[in-house]
Amino acid sequence: MGVKAQPRIVHFRNIQPGVGRGQFVLPAAMIVIGIVSVQFGAGLADRLFGQVPPAAVTGLRLWTSALAMVAISGRGFTRSVRDLKERRAVADTAIAISFGISLGVMNFSIYQSFARIPLGVAVTIEFLGPLAVAVAGSRHLRDVGFVVLAATGVVLLTQGGHGHLNLAGVLFAGLAAACWAAYIVLSSATGQRFPGSAGLAIAMAVSALIVAPPALIAGGGAMFRPAALATGAAIGILSSVIPYRLELESLRRIPMRLFGVWMSLEPAVAALIGLALLGQHLSAVQWLAICCVMAACAGAAGTTRGGDPPEPPDFGGAARPPKPPGPPWGALP
């Protein structure tokens, strides 16, 4: 009668041999490694606070990161700076400087928070910044639900303002969240104005400069001891260089929404690192609060459609806050 058609699933696999669960294994591994790297670096920073003040540790971290990013950018950094001078591009310069300021204040604030409240709690509060960007301008009722869920988590964390958490630590984490939101917007604008990793390198240099005065005043000679310098350099590599690269590579392989969902694991990983490295035990209520914020962030990332931000620009393999430029998630703190 005729040739029997092959089952559709066989035909589909023949056309798209890479489609399946296997294609997500590598990006998932890169994201998890990046998250662990960031939070392990945060744990090292917290341990260093006993020898060097948080402001000084911020300086060590950002100086290392800036040097690494400028080296990665290479001649692109020099050309971009020279081009800004020749064109007298005030708007482009203002964007890059604002990007650097948000990056510097974000890192300064989150380290001040780490010194006062548990790592997992601080990172959970900081995640409200990307959540705000993810749901900003949304007209979907479900996104309002995610905001309410996240707010519930914050109330549980702070026990309605009557808990034992240090108020200054909570406020510093909130400032870091606001700066992370600004970082997301400004990183996208910077990526559109500068080639390769030059824009990010300029911003990192600016952030390193603005934290220098408080870092030097607070750290004095203690921050330049060989052990402190080595640990500070390790923190910069773990918290910035490694996760930036891994997150950028993962974003080249998976949709941004899926990336955002997986990045929502970061508060839980931060809490586990805090427990393992720093002995920071959280109560059952605090774990519930962290789960609420994680669920809200994952839901907002997974259900956003038309309001998705543009795909992140190619930063020449150099891009993530302390999270990669473009998406509402990343490797910062």
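Which residues are buried in α6? I began my notebook with that helix and found that Leu119, Gly120, Val121, Ala122, Val123, Thr124, Ile125 and Glu126 are buried in α6. I wrote down that 8 of the 8 residues of α6 are buried, so this helix is largely enclosed by the rest of the structure. I also noted at the outset that I am reading a predicted model.

**Entry: the chain as a whole**

I looked up the secondary structure and found 15 helices and 0 strands in the chain. I then checked burial across the chain, and of its 333 residues 52% count as buried. For the surface I recorded that the chain exposes about 14700 Å², of which carbon and sulfur atoms supply 66%.

**Entry: the nonpolar core**

I turned to the largest nonpolar core, which has 79 residues, and noted that Val57, Tyr111 and Phe114 are those with the most contacts inside it. Helix α9 gives the largest share of this core, with 9 residues. Two of these names came back when I looked at the aromatic residues, since Tyr111 and Phe114 form one aromatic cluster together with Phe49.

**Entry: aromatic pairs**

How many aromatic pairs does the structure hold? I counted 5 aromatic pairs in the structure, and I followed two of them in detail. Phenylalanine 99 and tyrosine 183 form a tilted pair, with 5.2 Å from centre to centre and 45° between the planes. Phenylalanine 99 lies in helix α5 (residues 90-114) and tyrosine 183 in helix α9 (residues 167-193), so the pair ties together parts that are 84 residues apart in sequence. On accessibility, I found phenylalanine 99 buried, with a relative accessible area of 0%, and tyrosine 183 counts as buried at 1%.

The second pair that I followed is made by phenylalanine 127 and tryptophan 180, and I recorded it as edge-to-face, with 5.1 Å from centre to centre and 90° between the planes. Why does this pair tie together parts that are 53 residues apart in sequence? I read the reason from the places of the two residues: phenylalanine 127 lies in the loop between α6 (119-126) and α7 (128-135), whereas tryptophan 180 lies in helix α9. Phenylalanine 127 is buried at a relative accessible area of 0%, and tryptophan 180 counts as buried at 0% relative accessibility.

**Entry: alanine 96 in α5**

I went back to helix α5, where alanine 96 is found, and saw that alanine 96 is buried, with a relative accessible area of 1%. Leaving aside neighbours within four places in sequence, I listed Thr190, Phe194, Ile202 and Ala203 as the residues in contact with alanine 96. I also looked up the C-alpha to C-alpha distance between alanine 96 and serine 187, which are 8.4 Å apart in space and 91 residues apart in sequence.

**Entry: serine 250 and the salt bridge**

Is serine 250 buried or exposed? I found serine 250 to be buried, with a relative accessible area of 0%, and I placed it in helix α12 (residues 226-251). Once neighbours within four places in sequence are left aside, serine 250 is in contact with Pro27, Met30, Ile31 and Phe259.

My search for salt bridges gave a count of 1. I recorded that arginine 253 forms a salt bridge with glutamate 249, and that the closest N and O atoms are 3.2 Å apart. I then checked the accessibility of both partners: arginine 253 is partly exposed, with a relative accessible area of 39%, whereas glutamate 249 counts as buried at 13%.

**Entry: the surface**

Which residues make the nonpolar surface patch of about 300 Å²? I noted Val32, Val36, Phe40 and Leu265 as its members. I looked further at phenylalanine 40, which lies in helix α2 (residues 25-48) and is partly exposed, with a relative accessible area of 35%.

I closed with cysteine 291, which lies in helix α15 (residues 284-303) and counts as partly exposed at 44% relative accessibility. The C-alpha atoms of cysteine 291 and proline 267 are separated by 8.5 Å, and I noted that these two residues are 24 residues apart along the chain.

How values were computed: Residues numbered from 1 in each chain as written. Predicted model: local features only at pLDDT ≥ 70, side-chain atom pairs only at ≥ 80, totals over all residues. Heavy atoms only, no water. Phe/Tyr/Trp six-rings, centres within 6.5 Å; stacked < 30°, edge-to-face > 60°. Helix = DSSP H or I, 4+ residues; strand = E, 2+ residues; numbered from the N terminus. Buried < 20%, exposed > 50% of the residue type's maximum accessible area, 1.4 Å probe, protein only. Patch = residues over 30% accessible without salt bridge, like charges linked within 9 Å, V, L, I, M, F, W, Y side chains within 5 Å. Areas by Shrake-Rupley, 256 points an atom, 1.4 Å probe, with all protein chains shown as cover. Salt bridge = Lys/Arg side-chain N within 4 Å of Asp/Glu carboxyl O. Core = buried A, V, L, I, M, F, W, Y, C linked by side-chain atoms within 4.5 Å. Contact = heavy atoms within 4.5 Å.
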